[in-house]
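Biologist: I have a new model on screen. Please walk me through it, strands before the rest.

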Amino acid sequence: MTDHRPRCPRCAHESVRTLYYSPVPGVWDVLQCGRCLYTWRTSEPARRTCRDAYPEAFRLSPEDMANAAEVPTVPPLRTTGTTGTPRSTELTGG
């Protein structure tokens, strides 16, 4: 019998959760790995969704993750000024 539970294409971890479901049931799901946080849509090609087809250069082992540099924190959002996004008054002309 074949095991059809999803596993992460990047690190092969078996803890995968569904983040989103397609508005049209059964068309696609967005999944995320519980270990490396890789996220993919089930409708993407095998090179993004299947461990066997995932490029070896981008695969992660438990040792890779244990020795990875710390990921920097995301700075807090700015509440004043713009960063390329128009203010609401710029959108409405008001």
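**Strands, burial and confidence**

Biologist: In what sense do β2 and strand β3 (residues 39-41) pair, and over how many bridges?

Modeller: Take β2 with β3, two strands (DSSP E runs of at least two residues; helices are H or I runs of at least four). Strands pair if DSSP finds at least two bridges between them. β2 and β3 pair in the antiparallel sense, and the count of bridges is 3.

Biologist: What am I looking at, and how far is it trusted?

Modeller: This is a predicted model: local features need pLDDT of at least 70, side-chain atom pairs need 80 or more, and totals for chains, interfaces and linings use all residues. Residues are numbered from 1 along each chain as its sequence is written, and side-chain values use heavy atoms, without hydrogens or water. pLDDT is the predictor's confidence in each residue, from 0 to 100. In this protein 80% of the residues score at least 70, and the average pLDDT is 84.

Biologist: Which residue in the turn of the β2 and β3 hairpin has a positive phi?

Modeller: The hairpin has 5 residues between β2 and β3. On the strands themselves, V30 has R41 in β3 as its bridge partner. In the turn, a positive phi of about 70° belongs to L37.

Biologist: Which residue in β2 is the bridge partner of V16?

Modeller: Look at strand β1 (residues 16-21), which pairs with β2 in the antiparallel sense over 5 bridges. T18 is bridged to L31 in β2. For V16, the partner in β2 is C33.

Biologist: Is β2 largely enclosed or in the open?

Modeller: Buried means under 20% relative accessible area (exposed is over 50%, partly exposed in between; 1.4 Å probe, protein chains only). β2 spans residues 29-33, and 4 of its 5 residues are buried. Because of that count, β2 is largely enclosed.

Biologist: How many of the 6 residues of β1 are buried?

Modeller: In the protein, 15% of the 94 residues count as buried. β1 lies largely in the open, because its number of buried residues is 0.

Biologist: In what order do the elements run from the N terminus?

Modeller: The protein comes to 3 strands and 3 helices. From the N terminus on, the order is β-β-β-α-α-α.

Biologist: Over which residues does pLDDT stay under 50?

Modeller: Count contacts there, meaning heavy atoms within 4.5 Å. Beyond four places in sequence, the model has 2 contacts for this stretch. The stretch with pLDDT under 50 is residues 88-94.
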